[in-house]
Amino acid sequence: HSDAYPAGHMCHAELMLRIDGPTWYRFSINKGTIHVARDGRESFVPGTVFCKPVLDLNQYTFVRVAMTRERQYNIYRFVRAQLGARFHRLGYYTNFVAGTQFGVRRFHGGLYEKRRAWFCSELICAAMQAGGLLTSFRPCLATPNMLYRESARLPEANAGMHPKRVGPGMV
């Protein structure tokens with residue numbers, strides 16, 4: 001939160017984990033992409049939950065949260081189970097209209113097994129809850145700005161230490 005952006009300036013949420021070795025990975029979901037066919041025709045391809053290597057940490061604005069290996073593993077286990085899940089259009093477009101709440105209201109253990117639709121901040125809030133963090137928030141109502149603000153307030157935030165790896169061979 002800055003004076004230039006009183007309501008915040010984050011427009012997307014991602015989770016970054018260092019899983020094995022020096023490489024960081026980012027997990028999130030986008031609404032979708034435009035695919036251009038060989039004949040030049042364009043089509044919209046709905047987004048899915050992804051995991052991609054981070055090539056340059058300096059291009060991101062993020063809050064570093066130190067946590068135990070167990071918490072990291074629970075977060076990793078959750079996002080790994082959601083890889084390929086589709087974008088949650090209904091929640092994304094309607095959850096900020098008074099009285100609607102489509103999607104996950106609280107993290108629960110079944111989400112380690114069941115793939116479901118997400119929008120970016122909903123996915124990241126549920127992932128943080130899998131690690132025992134931000135448990136008082138409803139993921140379906142999370143925004144990128146709320147996640148950034150509330151993550152920065154965590155006692156574990158910006159603790160000056162790199163998160164520990166969750167174990168070899170997990171990617």
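**View 1. Arg116 and its salt-bridge partner Glu122.** In this predicted model, Arg116 is partly exposed, with a relative accessible area of 22%. The side chain of Arg116 meets that of Glu122 in a salt bridge, with an N to O distance of 3.6 Å. Glu122, by contrast, counts as buried because its relative accessibility is 0%, and Glu122 is also listed among the buried residues of helix 3. Side chains of opposite charge can pair when their charged atoms come close.

**View 2. Helix 3 and the elements that cover it.** Helix 3 spans residues 120-130, and 11 of its 11 residues are buried, so this helix is largely enclosed by the rest of the structure. The buried residues include the two cysteines Cys120 and Cys125, together with Leu123, Ile124 and Met128, and they also include Ser121 and Gln129. The cover over these buried residues includes strand 1 and strand 2, as well as helix 1 (69-82) and helix 4. After helix 3 comes Gly132, a residue whose phi is positive, near 80°.

**View 3. The salt bridge between Arg26 and Glu14.** The structure holds 6 salt bridges, and one of them joins the side chains of Arg26 and Glu14 at 2.6 Å, N to O. This pair links distant parts of the chain, since Arg26 belongs to strand 2 (residues 24-28), whereas Glu14 belongs to the segment before strand 1 (15-18), and the two residues are 12 residues apart. Arg26 has a relative accessible area of 16% and is therefore buried, while Glu14, with a relative accessible area of 23%, is partly exposed. The threshold that matters for both residues is 20% relative accessible area, under which a residue is called buried.

**View 4. The salt-bridge network of Arg149, Glu150 and Arg153 in helix 4.** Arg149, Glu150 and Arg153 are linked in a network of salt bridges. Within this network, Arg153 forms a salt bridge with Glu150, and the closest N and O atoms of the pair are 2.9 Å apart. Because Arg153 and Glu150 are 3 residues apart in helix 4 (residues 144-153), about one helical turn separates them. Glu150 is buried, with a relative accessible area of 14%, whereas Arg153 counts as exposed at 56% relative accessibility.

**View 5. Arg149 and its surroundings.** Arg149, which is likewise found in helix 4, is partly exposed, with a relative accessible area of 35%. The side chains of Arg149 and Glu150 are joined by a polar contact of 3.3 Å. Looking further along the chain, Arg149 and Val63 are 86 residues apart, and their C-alpha atoms are separated by 9.0 Å.

**View 6. A nonpolar surface patch with Ile34, Val36 and Phe44.** Ile34, Val36 and Phe44 form a nonpolar patch on the surface, and together these residues have about 280 Å² of accessible area. Ile34 lies in strand 3, which covers residues 32-36. With a relative accessible area of 51%, Ile34 is exposed, because the term applies to values over 50%.

Terms used
Residues are numbered from 1 along each chain as its sequence is written. This is a predicted model: local features need pLDDT of at least 70, side-chain atom pairs count only at pLDDT 80 or more; totals for chains, interfaces and linings use all residues. Side-chain values use heavy atoms; hydrogens and water are left out. Patches are made of residues with over 30% relative accessible area and no salt bridge: like charges are joined within 9 Å, nonpolar side chains (Val, Leu, Ile, Met, Phe, Trp, Tyr) within 5 Å. Accessible areas come from the Shrake-Rupley method with a 1.4 Å probe; for residues, only the protein chains shown count as cover. A salt bridge is a side-chain nitrogen of Lys or Arg within 4 Å of a carboxyl oxygen of Asp or Glu. Helices (H or I, at least four residues) and strands (E, at least two) are DSSP runs, numbered from the N terminus. Buried means under 20% relative accessible area, exposed over 50%, partly exposed in between (1.4 Å probe, protein chains only). Contact means heavy atoms within 4.5 Å. A polar contact is a pair of N or O atoms within 3.5 Å; within protein, one must be able to donate a hydrogen and the other to accept it, and residues adjacent in sequence count only if both atoms are side-chain atoms.
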